[in-house]
Amino acid sequence: MFQTDDSSNSTLTVLFVDDTPDNLELLGFALKKKPIVMLRAASGPECLVIAERDQPDVIVLDIQMPGMDGFETLRRLRANHRTEKIPVIFLTAAKSDPQSISEGILLGAEEYLTKPIEVDELMARIRSIFRVSTMQRELERVKAQFTAMLVHDLRNPLTVIKASIEDMVQHHTKNASLDRDSLGVLNTISQSTRGILDLVNDLLDLSKYQAGQMQLDKRTLTIHEVVEGSLNLIGLQYKRKGIELALYIPADLPKIKGDLGKLEQVMNNLLSNALKFTPPGGRVSIEIKGNADPDPTELLVSVTDTGIGIPSEELPILFDHFRQASTAKKTAEKGTGLGLAICKLIVQAHGGSIAAQSEVNRGTTISFTLPVG
Ligand SMILES: Nc1ncnc2c1ncn2[C@@H]1O[C@H](COP(=O)(O)OP(=O)(O)O)[C@@H](O)[C@H]1O
Ligand SMILES: [Mg+2]
């Protein structure tokens, strides 16, 4: 089932990042006879460009570099979905630098080596880290495939159950043919079924997207269409809860290329979160602007609420799946914790990025970008 390609003989492409040209020169010489295609970068920024462009199998990254150091470089590699999965080996100067080692590992460097480098050890580390990362990716793929299969088979019968119960509720309500208690029970079953179906649908989307199976039905559209479509669905719920909705959307924004249904899904998720986590009497605003006048290359879409907020230390994990912030756990609101993970994948598939800002008891802003054109 696993394609654990045996990497012991295959040639790997490895990007070496070091600000000292002599070090790279020396390494190049030492690795001459090894089955390695060596790419070089002399700084953090150069590493980011080459990593994205050439997709190396492994990156060997010096920590101490002027300007952008190894930590910052690693942070940026992990923040870009084109480079986030490339395994990284840290090079530390001194053996006695436990703090930088643990900091590096916390950031997701899989391995570290101390200078001076011993070539055979370096080769062994590169091989092993590559093998592990290949297996990890394969595991993710199999898991996604399995989830997709499972939830797909759950969805059809659940859809039938949900429709049948809703019919029953409607029928008995209209004919007053059930006592109040029994009708209450039916309503509870109906709501729970809807909850399970939501979860199954989210899981199906997420596993499909994670397995790289997001099909974008792209066409030229305006961001107004996206907002309108979403407000049609959720606007009424804002009225009911007594939350003011304000729109700051200029009329003359440039068009974008995107999948209307999926972008609406992003907007729905953000608006339903803002609605859930903002008490009655609060305010939610949607603001959209171009990143530059008069010729924006990107639209910046923000949804800001005056709700319960999210502690800053929890912001970095917000877009992972099944995550719920501690502030939300104190409320009675239910959720799957999949909404933002799905948003992130959809936005990234459109070439944009998504981020959160928040202050507890003050409110939250979730913003995403979409390339123009
Ligand atoms: N506008 C918001 N205000 C406060 N917390 C939020 C907001 N949006 C998202 N969150 C937090 O992020 C978590 C994940 O959101 P999401 O992925 O949409 O899952 P769900 O809505 O199903 O809980 C929420 O459980 C909540 O803790
Ligand atoms: Mg949500």
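1. A salt bridge is taken here to be a side-chain nitrogen of Lys or Arg within 4 Å of a carboxyl oxygen of Asp or Glu. In this predicted model, Asp54 and Arg53 meet that description, since their closest N and O atoms are 3.1 Å apart. Asp54 counts as partly exposed at 32% relative accessibility, whereas Arg53, at 56%, counts as exposed.

2. A search of the whole structure finds 14 salt bridges, and one that deserves a look is the pair formed by the side chains of Lys34 and Asp120, with an N to O distance of 3.2 Å. This pair links distant parts of the chain, as Lys34 sits in the loop between helix H1 (21-30) and strand E2 (36-41) while Asp120 belongs to helix H5 (residues 119-175), 86 residues apart. Lys34 is partly exposed, with a relative accessible area of 28%, and Asp120 is likewise partly exposed, at 49%.

3. Within helix H5, Arg141 and Glu138 lie three residues apart, about one turn of the helix, and they form a salt bridge whose closest N and O atoms are 2.9 Å apart. The two partners differ in burial: Glu138 is buried, with a relative accessible area of 7%, but Arg141 counts as partly exposed at 33%. Elsewhere, Glu72, Arg75 and Arg76 are linked in a network of salt bridges.

4. Asp305, in strand E10 (residues 298-305), presents another situation, for this residue is buried yet has no salt bridge. The nearest side chain of opposite charge is that of Lys241, 9.9 Å away; because a salt bridge requires the nitrogen and the carboxyl oxygen to be within 4 Å, this pair does not qualify. The side chain of Asp305 does reach the backbone nitrogen of Gly307, at 2.8 Å. Leaving aside residues up to four places away in sequence, Asp305 touches several others, among them Arg283, Arg362 and Thr364.

5. The domain assignment gives domain 1 (12-117), domain 2 (139-210) and domain 3 (219-371). The C-alpha centres of domain 2 and domain 3 lie 25 Å apart, and the contact takes seven residues from domain 2 and 10 residues from domain 3. Together these two domains bury about 800 Å² between them, 75% of it on carbon and sulfur atoms. Asp202, Leu206 and Tyr209 supply 63% of the area that domain 2 buries against domain 3, more than any other three residues.

6. What polar pairing accompanies the contact between domain 2 and domain 3? Two residue pairs are in polar contact, both at pLDDT 80 or more, while the count of salt bridges between domain 2 and domain 3 is zero.

Notes
Residues are numbered from 1 along each chain as its sequence is written. Chains are lettered from A and ligands numbered from 1 in the order in which they are written. This is a predicted model: local features need pLDDT of at least 70, side-chain atom pairs count only at pLDDT 80 or more; totals for chains, interfaces and linings use all residues. Side-chain values use heavy atoms; hydrogens and water are left out. Helices (H or I, at least four residues) and strands (E, at least two) are DSSP runs, numbered from the N terminus. Buried means under 20% relative accessible area, exposed over 50%, partly exposed in between (1.4 Å probe, protein chains only). Lys and Arg count as positive and Asp and Glu as negative; His and the chain ends are not counted. A polar contact is a pair of N or O atoms within 3.5 Å; within protein, one must be able to donate a hydrogen and the other to accept it, and residues adjacent in sequence count only if both atoms are side-chain atoms. Contact means heavy atoms within 4.5 Å. Domain bounds come from an automatic or database domain assignment. Buried area is the accessible area (1.4 Å probe) that two parts lose on being put together, summed over both.
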